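Please read the points below with the structure open beside you, and look up each residue as it is named. They begin with the core and then move outward to particular contacts.

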Amino acid sequence: MTSRTTPHPTSGTPVAAAVGSAAPSPGRPRTGTPRRRRRSRLPYLLVLPALVVLLAALGYPIGWQLVTSFREYGLLQQFGAAPEWVGLDNYTALVTDPELWAVVVRSVVFCVVTALVTVTIGGGLGLLMTALDRWVRIVLQVALLLAWAMPIVAAMTVWIWIVDWRRGLLNWTLVRLGVEGAQGHNWLAEPLSFLVIASVIVTWMSVPFVALSIYAGLTQVSPEVLEAATIDGAGWWQRLRHIVLPLIAPVVSIVMLLQLIWDLRVFTQIKLLQDAGSVASETDLLGTYVYRLGTGQGDFGTASAVSVLILVLTVALSWYYVRSLMKEES
(Lines give C-alpha, C1' and ligand atoms only; values in the text may rest on other atoms or scores of the structure.)
Protein backbone atom coordinates (compact mmCIF):
# COMPACT_ATOMS: atom_id res chain seq x y z
CA MET A 1 0.00 0.00 0.00
CA THR A 2 1.46 3.37 -1.05
CA SER A 3 1.47 6.24 1.52
CA ARG A 4 0.31 9.59 0.25
CA THR A 5 1.29 13.02 1.61
CA THR A 6 -1.57 15.49 2.05
CA PRO A 7 -0.89 18.70 0.12
CA HIS A 8 -1.09 22.09 1.78
CA PRO A 9 -4.50 23.65 1.17
CA THR A 10 -3.20 26.91 -0.34
CA SER A 11 0.15 26.32 -1.98
CA GLY A 12 0.04 22.68 -2.84
CA THR A 13 3.27 22.08 -0.88
CA PRO A 14 3.35 18.88 1.13
CA VAL A 15 2.51 19.53 4.75
CA ALA A 16 5.56 17.65 5.98
CA ALA A 17 7.86 19.79 3.85
CA ALA A 18 6.14 22.97 4.95
CA VAL A 19 6.40 22.05 8.61
CA GLY A 20 10.05 20.99 8.18
CA SER A 21 11.00 24.27 6.57
CA ALA A 22 9.13 26.35 9.13
CA ALA A 23 10.61 24.84 12.30
CA PRO A 24 14.28 23.81 12.49
CA SER A 25 15.20 20.56 14.11
CA PRO A 26 15.75 20.91 17.87
CA GLY A 27 19.02 18.98 17.75
CA ARG A 28 20.55 20.95 14.92
CA PRO A 29 23.13 23.59 16.04
CA ARG A 30 22.35 27.14 15.04
CA THR A 31 24.90 29.17 13.17
CA GLY A 32 26.11 32.41 14.68
CA THR A 33 25.56 31.33 18.28
CA PRO A 34 27.52 33.15 21.03
CA ARG A 35 29.51 29.99 21.68
CA ARG A 36 30.74 29.88 18.09
CA ARG A 37 31.55 33.58 18.14
CA ARG A 38 33.57 33.12 21.32
CA ARG A 39 35.42 30.23 19.73
CA SER A 40 36.31 32.32 16.66
CA ARG A 41 37.96 34.93 18.91
CA LEU A 42 40.31 32.39 20.50
CA PRO A 43 43.06 32.56 17.80
CA TYR A 44 43.15 36.35 18.11
CA LEU A 45 43.44 36.14 21.89
CA LEU A 46 46.34 33.69 21.54
CA VAL A 47 48.15 35.99 19.09
CA LEU A 48 47.54 39.12 21.19
CA PRO A 49 50.46 38.67 23.69
CA ALA A 50 52.98 38.15 20.90
CA LEU A 51 51.56 41.15 19.04
CA VAL A 52 51.88 43.36 22.13
CA VAL A 53 55.50 42.31 22.67
CA LEU A 54 56.28 42.88 18.97
CA LEU A 55 54.76 46.35 19.01
CA ALA A 56 56.62 47.24 22.20
CA ALA A 57 59.95 45.98 20.87
CA LEU A 58 59.67 47.50 17.39
CA GLY A 59 57.20 50.31 17.84
CA TYR A 60 59.28 52.38 20.25
CA PRO A 61 62.52 52.44 18.16
CA ILE A 62 60.59 53.21 14.98
CA GLY A 63 58.60 55.92 16.75
CA TRP A 64 61.76 57.44 18.26
CA GLN A 65 63.48 57.53 14.86
CA LEU A 66 60.43 59.07 13.22
CA VAL A 67 60.21 61.84 15.83
CA THR A 68 63.97 62.42 15.84
CA SER A 69 63.99 62.78 12.06
CA PHE A 70 62.03 66.03 12.53
CA ARG A 71 64.51 67.38 15.11
CA GLU A 72 68.03 68.69 15.28
CA TYR A 73 69.64 66.02 17.43
CA GLY A 74 73.41 66.23 17.72
CA LEU A 75 76.13 65.96 20.33
CA LEU A 76 74.67 68.75 22.48
CA GLN A 77 71.39 66.88 22.80
CA GLN A 78 73.24 63.79 23.99
CA PHE A 79 74.56 65.84 26.92
CA GLY A 80 71.15 67.13 27.97
CA ALA A 81 70.35 70.00 25.63
CA ALA A 82 66.76 70.13 24.44
CA PRO A 83 66.35 69.00 20.81
CA GLU A 84 65.12 71.67 18.43
CA TRP A 85 62.14 70.93 16.21
CA VAL A 86 63.17 71.59 12.58
CA GLY A 87 60.27 70.00 10.70
CA LEU A 88 61.18 68.75 7.26
CA ASP A 89 64.61 70.40 7.18
CA ASN A 90 66.44 67.07 7.60
CA TYR A 91 64.49 65.54 4.71
CA THR A 92 65.02 68.61 2.56
CA ALA A 93 68.77 68.42 3.16
CA LEU A 94 68.74 64.75 2.19
CA VAL A 95 66.73 65.25 -1.00
CA THR A 96 69.12 67.96 -2.17
CA ASP A 97 72.23 65.95 -1.27
CA PRO A 98 73.65 64.15 -4.34
CA GLU A 99 75.68 61.82 -2.12
CA LEU A 100 72.50 60.33 -0.67
CA TRP A 101 71.10 59.44 -4.09
CA ALA A 102 74.39 57.85 -5.07
CA VAL A 103 74.22 55.73 -1.91
CA VAL A 104 70.56 54.84 -2.60
CA VAL A 105 71.24 53.72 -6.17
CA ARG A 106 74.33 51.80 -5.06
CA SER A 107 72.39 50.09 -2.25
CA VAL A 108 69.38 49.13 -4.40
CA VAL A 109 71.56 47.67 -7.17
CA PHE A 110 73.68 45.80 -4.63
CA CYS A 111 70.56 44.51 -2.86
CA VAL A 112 68.73 43.28 -5.97
CA VAL A 113 71.78 41.70 -7.64
CA THR A 114 72.97 39.98 -4.46
CA ALA A 115 69.50 38.67 -3.62
CA LEU A 116 68.98 37.27 -7.14
CA VAL A 117 72.38 35.58 -7.16
CA THR A 118 71.81 34.17 -3.67
CA VAL A 119 68.40 32.70 -4.51
CA THR A 120 69.68 31.29 -7.81
CA ILE A 121 72.68 29.55 -6.25
CA GLY A 122 70.66 28.43 -3.23
CA GLY A 123 67.94 27.03 -5.48
CA GLY A 124 70.53 25.15 -7.52
CA LEU A 125 72.01 23.62 -4.37
CA GLY A 126 68.50 22.70 -3.19
CA LEU A 127 67.85 20.87 -6.47
CA LEU A 128 71.27 19.23 -6.24
CA MET A 129 70.50 17.86 -2.77
CA THR A 130 67.39 16.09 -4.10
CA ALA A 131 69.56 14.16 -6.58
CA LEU A 132 72.41 13.19 -4.23
CA ASP A 133 72.76 10.01 -2.20
CA ARG A 134 71.77 10.20 1.45
CA TRP A 135 75.23 10.40 3.02
CA VAL A 136 76.56 12.85 0.44
CA ARG A 137 73.51 15.03 1.02
CA ILE A 138 74.04 14.95 4.78
CA VAL A 139 77.68 15.99 4.38
CA LEU A 140 76.64 18.90 2.14
CA GLN A 141 73.94 19.98 4.58
CA VAL A 142 76.35 19.90 7.52
CA ALA A 143 78.86 21.99 5.52
CA LEU A 144 76.14 24.53 4.72
CA LEU A 145 75.07 24.71 8.35
CA LEU A 146 78.66 25.26 9.51
CA ALA A 147 79.11 28.10 7.01
CA TRP A 148 75.80 29.63 8.07
CA ALA A 149 76.50 29.29 11.80
CA MET A 150 79.95 30.89 11.61
CA PRO A 151 80.02 34.28 13.39
CA ILE A 152 80.16 37.19 10.97
CA VAL A 153 83.29 38.76 12.47
CA ALA A 154 85.17 35.45 12.38
CA ALA A 155 84.15 34.84 8.78
CA MET A 156 85.09 38.39 7.80
CA THR A 157 88.55 37.94 9.34
CA VAL A 158 89.14 35.07 6.93
CA TRP A 159 87.71 36.93 3.95
CA ILE A 160 89.79 40.03 4.64
CA TRP A 161 92.91 37.84 4.74
CA ILE A 162 91.89 36.29 1.40
CA VAL A 163 91.60 39.67 -0.37
CA ASP A 164 94.49 41.39 1.43
CA TRP A 165 96.69 43.19 -1.11
CA ARG A 166 99.99 42.31 0.62
CA ARG A 167 99.68 38.67 1.68
CA GLY A 168 96.19 37.66 0.59
CA LEU A 169 95.35 34.26 -0.85
CA LEU A 170 93.51 35.76 -3.84
CA ASN A 171 96.50 37.71 -5.17
CA TRP A 172 98.88 34.82 -4.42
CA THR A 173 96.69 32.44 -6.45
CA LEU A 174 96.31 34.84 -9.38
CA VAL A 175 100.06 35.44 -9.54
CA ARG A 176 100.69 31.67 -9.58
CA LEU A 177 98.20 31.42 -12.47
CA GLY A 178 100.16 33.98 -14.46
CA VAL A 179 98.20 37.16 -13.74
CA GLU A 180 101.12 39.48 -13.08
CA GLY A 181 98.91 42.52 -12.49
CA ALA A 182 97.53 40.89 -9.37
CA GLN A 183 100.79 41.37 -7.48
CA GLY A 184 100.07 43.93 -4.75
CA HIS A 185 96.66 44.85 -6.21
CA ASN A 186 94.26 46.32 -3.63
CA TRP A 187 90.80 44.96 -4.47
CA LEU A 188 89.16 47.06 -1.77
CA ALA A 189 90.46 50.40 -3.02
CA GLU A 190 88.25 50.47 -6.14
CA PRO A 191 84.49 50.86 -5.55
CA LEU A 192 83.44 48.31 -8.19
CA SER A 193 85.75 45.52 -7.05
CA PHE A 194 84.90 46.38 -3.44
CA LEU A 195 81.17 45.89 -4.08
CA VAL A 196 81.80 42.68 -6.05
CA ILE A 197 83.79 41.22 -3.14
CA ALA A 198 81.15 42.39 -0.66
CA SER A 199 78.43 40.76 -2.79
CA VAL A 200 80.38 37.49 -2.92
CA ILE A 201 80.76 37.50 0.88
CA VAL A 202 77.09 38.29 1.55
CA THR A 203 76.03 35.63 -0.95
CA TRP A 204 78.32 33.04 0.67
CA MET A 205 76.81 33.79 4.07
CA SER A 206 73.21 33.70 2.82
CA VAL A 207 73.23 30.72 0.44
CA PRO A 208 72.96 28.05 3.20
CA PHE A 209 69.66 29.45 4.48
CA VAL A 210 68.23 29.69 0.96
CA ALA A 211 69.44 26.24 -0.08
CA LEU A 212 68.04 24.48 2.99
CA SER A 213 64.74 26.36 2.78
CA ILE A 214 64.22 25.53 -0.89
CA TYR A 215 65.29 21.93 -0.32
CA ALA A 216 62.64 21.67 2.41
CA GLY A 217 60.07 22.90 -0.10
CA LEU A 218 61.26 20.44 -2.74
CA THR A 219 60.73 17.51 -0.36
CA GLN A 220 57.00 18.34 -0.41
CA VAL A 221 56.71 17.87 -4.18
CA SER A 222 54.92 14.58 -4.83
CA PRO A 223 57.12 11.99 -6.60
CA GLU A 224 53.98 10.54 -8.21
CA VAL A 225 53.31 13.82 -10.00
CA LEU A 226 56.87 13.97 -11.34
CA GLU A 227 56.70 10.31 -12.38
CA ALA A 228 53.44 10.90 -14.23
CA ALA A 229 54.97 13.88 -16.03
CA THR A 230 57.97 11.76 -17.01
CA ILE A 231 55.69 9.06 -18.41
CA ASP A 232 53.86 11.73 -20.43
CA GLY A 233 57.18 12.69 -22.01
CA ALA A 234 58.11 15.80 -20.02
CA GLY A 235 61.84 16.46 -19.86
CA TRP A 236 63.84 17.68 -16.87
CA TRP A 237 63.46 21.35 -17.77
CA GLN A 238 59.72 20.99 -18.44
CA ARG A 239 59.15 19.27 -15.09
CA LEU A 240 61.17 21.98 -13.32
CA ARG A 241 59.41 24.87 -15.04
CA HIS A 242 55.81 23.68 -15.12
CA ILE A 243 55.58 21.49 -12.00
CA VAL A 244 58.36 22.03 -9.47
CA LEU A 245 58.71 25.81 -9.59
CA PRO A 246 54.95 26.55 -9.35
CA LEU A 247 54.67 24.20 -6.35
CA ILE A 248 57.56 25.76 -4.44
CA ALA A 249 56.79 29.34 -5.55
CA PRO A 250 55.57 30.38 -2.05
CA VAL A 251 58.87 29.24 -0.50
CA VAL A 252 60.93 31.02 -3.15
CA SER A 253 58.86 34.20 -2.69
CA ILE A 254 59.38 34.25 1.07
CA VAL A 255 63.11 33.55 0.73
CA MET A 256 63.47 36.27 -1.90
CA LEU A 257 61.58 38.74 0.29
CA LEU A 258 63.85 38.03 3.27
CA GLN A 259 66.98 38.37 1.14
CA LEU A 260 65.87 41.74 -0.22
CA ILE A 261 65.26 43.02 3.31
CA TRP A 262 68.55 41.66 4.68
CA ASP A 263 70.71 42.77 1.74
CA LEU A 264 69.29 46.29 1.74
CA ARG A 265 70.24 46.73 5.40
CA VAL A 266 73.60 44.96 5.30
CA PHE A 267 76.11 46.68 7.57
CA THR A 268 78.71 44.49 9.29
CA GLN A 269 80.34 43.07 6.16
CA ILE A 270 80.56 46.47 4.48
CA LYS A 271 81.91 48.23 7.57
CA LEU A 272 84.63 45.64 8.21
CA LEU A 273 85.70 45.70 4.56
CA GLN A 274 85.88 49.50 4.67
CA ASP A 275 88.06 49.36 7.77
CA ALA A 276 90.35 46.94 5.93
CA GLY A 277 91.22 49.55 3.31
CA SER A 278 88.72 51.51 1.25
CA VAL A 279 87.28 55.01 0.89
CA ALA A 280 84.03 55.02 2.86
CA SER A 281 82.42 57.83 0.89
CA GLU A 282 82.83 55.81 -2.35
CA THR A 283 81.69 52.44 -0.99
CA ASP A 284 78.98 53.38 1.49
CA LEU A 285 75.67 51.56 1.43
CA LEU A 286 72.64 52.76 3.37
CA GLY A 287 73.61 50.92 6.56
CA THR A 288 77.10 52.36 6.74
CA TYR A 289 75.86 55.76 5.57
CA VAL A 290 73.51 55.96 8.56
CA TYR A 291 76.38 54.91 10.84
CA ARG A 292 78.67 57.59 9.39
CA LEU A 293 76.04 60.32 9.83
CA GLY A 294 75.03 59.29 13.35
CA THR A 295 78.02 57.83 15.15
CA GLY A 296 80.68 59.40 12.96
CA GLN A 297 79.36 62.95 12.59
CA GLY A 298 76.94 63.09 15.52
CA ASP A 299 74.02 64.15 13.31
CA PHE A 300 71.37 61.80 14.64
CA GLY A 301 68.49 63.83 13.22
CA THR A 302 69.65 63.34 9.63
CA ALA A 303 70.63 59.74 10.37
CA SER A 304 67.09 59.09 11.63
CA ALA A 305 65.70 60.60 8.42
CA VAL A 306 67.85 58.18 6.40
CA SER A 307 66.59 55.32 8.59
CA VAL A 308 63.01 56.27 7.74
CA LEU A 309 64.03 56.31 4.07
CA ILE A 310 65.45 52.79 4.43
CA LEU A 311 62.13 51.65 5.90
CA VAL A 312 60.23 53.16 2.96
CA LEU A 313 62.62 51.53 0.46
CA THR A 314 62.26 48.17 2.21
CA VAL A 315 58.47 48.35 1.96
CA ALA A 316 58.66 49.45 -1.69
CA LEU A 317 61.03 46.64 -2.70
CA SER A 318 59.12 43.95 -0.81
CA TRP A 319 55.59 45.14 -1.62
CA TYR A 320 55.27 42.96 -4.74
CA TYR A 321 56.20 39.81 -2.83
CA VAL A 322 53.97 40.69 0.13
CA ARG A 323 51.03 41.29 -2.21
CA SER A 324 51.69 37.98 -3.99
CA LEU A 325 51.74 36.12 -0.67
CA MET A 326 48.48 37.79 0.39
CA LYS A 327 46.83 36.73 -2.87
CA GLU A 328 47.98 33.14 -2.38
CA GLU A 329 46.65 33.12 1.18
CA SER A 330 43.26 34.43 0.06
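1. The model is a predicted one, and a good place to begin is its largest nonpolar core, which has 32 residues; I248, M256, L260, L286, Y289 and V306 are the members that touch the most other members. Several helices contribute to this core, since at least two residues come from each of α4 (89-95), α5, α9 (191-218), α11 (236-247), α12 (249-264), α15 and α16 (300-329). The largest share, seven residues, is supplied by α16. Another core lies apart from this one and has 18 residues, including F110, F194, L195 and L273.

2. As a background to these cores, the chain as a whole has 16 helices and two strands, and 33% of its 330 residues are buried. Among the contacts in the chain with a separation of 6 or more, 66% are between residues 24 or more positions apart.

3. What does L286 touch, once residues up to four places away in sequence are not counted? The list consists of V103, V104, S107, L264, V306, I310 and L313. L286 is also one of the buried residues of α15, together with G287, T288, Y289, V290, L293 and G294. After α15 comes G298, a residue with a positive phi, near 75 degrees.

4. The pairing of α5 (residues 98-131) with α15 (residues 286-296) deserves a careful look, as the axes of these helices come within 9 Å and cross at roughly 150 degrees. On the side of α5 the contact is made by E99, L100, V103, V104 and S107, while on the side of α15 it is made by L286, Y289 and R292. Sorted by class, the residues of this contact are five nonpolar, one polar and two charged.

5. The whole structure contains eight aromatic pairs. In one of them, Y73 and F300, the ring centres are 6.4 Å apart and the planes stand at 90 degrees, which is over the 60 degrees required, so the pair is edge-to-face. Because Y73 lies in the loop between β1 (71-72) and α3 (75-78) whereas F300 belongs to helix α16, the pair ties together parts that are 227 residues apart in sequence. Y73 and F300 also form one aromatic cluster with W64.

6. Are Y73 and F300 buried or partly exposed? Y73 has a relative accessible area of 19%, and because buried means under 20%, Y73 is buried. F300, at 23% relative accessibility, counts as partly exposed.

7. Two places in and around helix α6 may be examined next. The charged end of R134 sits over the ring of W135, at 5.0 Å from the centre of that ring. Q141 has its place in helix α6 (residues 134-149), and its relative accessible area of 18% is under 20%, so Q141 is buried. Leaving out residues up to four places away in sequence, Q141 touches M129, L212 and Y215.

8. Finally, H185 is found in the loop between α8 (169-176) and α9, and with 22% relative accessibility H185 counts as partly exposed. When neighbours within four places in sequence are left aside, H185 is in contact with W165, N171 and E190. H185 and R166 are 19 residues apart in sequence, and the distance between them in space, C-alpha to C-alpha, is 8.0 Å.

Key: Residues numbered from 1 in each chain as written. Predicted model: local features only at pLDDT ≥ 70, side-chain atom pairs only at ≥ 80, totals over all residues. Heavy atoms only, no water. Axes fitted to C-alpha atoms, helices over the stretch in contact; angles between N-to-C directions. Helix = DSSP H or I, 4+ residues; strand = E, 2+ residues; numbered from the N terminus. Contact = heavy atoms within 4.5 Å. Nonpolar A, V, L, I, M, F, W, Y, C, P; charged D, E, K, R; others polar. Core = buried A, V, L, I, M, F, W, Y, C linked by side-chain atoms within 4.5 Å. Buried < 20%, exposed > 50% of the residue type's maximum accessible area, 1.4 Å probe, protein only. Phe/Tyr/Trp six-rings, centres within 6.5 Å; stacked < 30°, edge-to-face > 60°. Lys NZ or Arg CZ within 6 Å of the ring centre and 35° of its normal.
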